[in-house]
Amino acid sequence: MVTMCGITACVGREQTADDLLTGLQNLEYRGYDSAGVALQNGDGVTVCKREGEVSSLCEALSTTQAGGDIGIGHTRWSTHGPPSDANAHPHTDCTGQVAVVHNGIIENHGDLRSELTARGHKLTSETDTEVVPHLLAEYLAETDSTIAAFRKTLRRLDGSYALAVVVEGEDAVYAARAGSPLVLGIGEDSHFLSSDVPAFLEFTDRVIYLEDSDVAVVRDDGYEITDLAGDSVDRSETTVDWVPEDARKGEHDHFMHKEIHEQPTALRQAVRGRVDPDAGDVSLDEFGVDSFAGVEDVQFVACGTSYHAALYGAQLLTDRGIRATAHLASEFVVNPPPATEGTLVVGVTQSGETADTLAALRDAASRDVRTLAVTNVVSSTAARECDDALFIRAGPEIGVAATKTFSSQVVTLACLGTLLSESITDRKGRAEEDNLYTALHALPDAVDTILGQTATPNVARRFRESESHFFIGRHTAHAVALEGALKLKEISYEHAEGFPAGELKHGPLALVTERTPVFAIATGRNDEKLRSNVEEVRARSAPVIAVASPESPVADVADEVLAIPETHPDLAGILANVQLQLYSYHVAALLDRPIDKPRNLAKSVTVE
Ligand code: M6R
């Protein structure tokens, strides 16, 4: 069984259980199949864990007297094997003196399990993690030094892990990382560990991002970081510029709703200091004028929504005369396209932790191909491992459905495209002539207009019971069609597909009936051709919803219009996508779906 989860720990707090639960609630985007905590006090280690969301754990904890000022917590997303109380973390050894939470995969758990069972250990779950407390308990029996026993345990593990461990009678949390994220939070007289900053953002903004092979011992009054050999390592402390409100829903019913409404701010941040409409210039702090000298072709790798942003970005680059292609990261790994010295592989990934995308980037790096991460998370694995990183500056995104980060990714790729085109094609000015820079600055206001006037609640009421939904578009709107369909499937569980508009007549048209609304996404480019495709579906009695400027010829032939303000055609897809995000949101709300935690999904997919 492999898991992809959120772990947290705190030392030195008075309300340890409450603080752990706060952390777990803020980490639920990483998984919500089961949750648990272990608390350590003078009487020993107490574990409480439950199948289901953190709310089930809260209920269970409210009826126990569990206390202690040292604790660890876990929220889990399982990839195979059922979520259950037994498989929930923390896991303990035979005597319950050691409790462990883990994010990652212990690949040699089968061998270790056989070895431990042969020596009389009783393992009670199906998880890979459970071997860790049993091994540690054995090594503790052989030595007086907990850290030595912990290191010895770590040396037996193959695979990836972020681990946090409590041991009976110890005043510390022991932690280590190899291939899974782990952050140390530094408070006044207290310290925290977590897979991600939002878990402890309420308590501190001072952090240290641990690196692979780091082993940490964390107490209320300090911490030590060493490597696997026990040598001290120096990791610098940084202050995150997120605020506790970033991890709260505030006035919104769902994080997705909040994050859709944060898009104007996110877009302003994405272009701040990068786009100067007066000078007709784009500059990125991360890169100089010659940074891309020698680049001849760009291969994007990404998954899910980020893949759709990459597809959109590849189109923008192609328009600027750059050879650019977008690849699903999971396919890139099994079928890598040929690369030359002039190839740049760009990983587009909100989290910077998606295993498929990291695997594609590593594959490129292993062939000596230059890599660039376009990501939201400064400390992410992608940002650290790639030759260069470019940040989309969207702020934390908690809802499992990616929303604001799509918009920020596309805008950032538009800026990158302009820079690349100046460097590769030696051509300056196309974007300037097209007023792209001015439009980029006006984009947040255009999104605000949509948020204030959207007709999506009514359109959602009209079409929520449909047999299927189709989304069609050409050029950049093809990427938006795919994204519109993904968003609807993901949070409403309704069937939806996106197509390049011209392809409909080559097969999918057979599915079109009066019970299948077709969303036609018009960007101002190719609108006449799109209108012809719309006529084809109208002739089959399908209701048509134009996602278009009211001036577009597509709007003239539609049953409903989700209006987008006039903008540069390169950016119209971003506005159309905001309307589609809102449509999906309202359908899902009408169908009473768990919008922020859709079934079977988690935000960061850290397994291949
Ligand atoms: O963190 P990443 O951008 O690499 O994540 C990629 C996908 O897993 C992600 O976009 C996923 O498709 C979202 N749930 C879509 O809303």
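Begin by selecting leucine 163, which stands opposite alanine 176 in strand β8; the coordinates you have open are those of a predicted model.

Extend the selection to residues 159–167, which make up strand β7, and you will find five bridges joining β7 to β8 in an antiparallel arrangement. The two strands form a hairpin with five residues between them, and in that turn glycine 169 has a positive phi of about 85°.

Next, select alanine 176 again and look across to valine 215 in strand β12, which alanine 176 stands opposite. Here β8 is joined to β12 (residues 215–219) by four bridges, and these strands also run antiparallel.

Now show the side chains of β8 itself, residues 173–178, where six of six residues are buried. Val173, Ala175 and Arg177 point one way from the strand, while Tyr174, Ala176 and Ala178 point the other way.

From there, move to the cavities, of which the structure holds three of 30 Å³ or more. The largest has a volume of about 270 Å³, and to find its centre you can select Tyr29, Arg30, Asp196, Ser351 and Val377, the closest to that centre among its 26 lining residues. Colouring the lining by class should give eleven nonpolar, eight polar and seven charged residues, and at least three lining residues come from each of domain 1 (6–243) and domain 2 (249–447).

Finish with helix α12, residues 404–424, whose end C-alpha atoms lie 30 Å apart, in agreement with the 30 Å that its 21 residues should span at 1.5 Å a residue. Helix α12 is mostly covered, with 18 of its 21 residues buried.

How values were computed:
Residues numbered from 1 in each chain as written. Predicted model: local features only at pLDDT ≥ 70, side-chain atom pairs only at ≥ 80, totals over all residues. Heavy atoms only, no water. Expected span 1.5 Å × (residues − 1). Buried < 20%, exposed > 50% of the residue type's maximum accessible area, 1.4 Å probe, protein only. 1 Å grid on protein atoms, 1.4 Å probe; cavity = no way out; pocket = protein on both sides within 12 Å on 5 of 7 lines; lining within 4 Å. Points joined across faces, edges and corners; volume = space filled by probe spheres on them. Nonpolar A, V, L, I, M, F, W, Y, C, P; charged D, E, K, R; others polar. Domains from an automatic or database assignment. Pairing = 2+ DSSP bridges.
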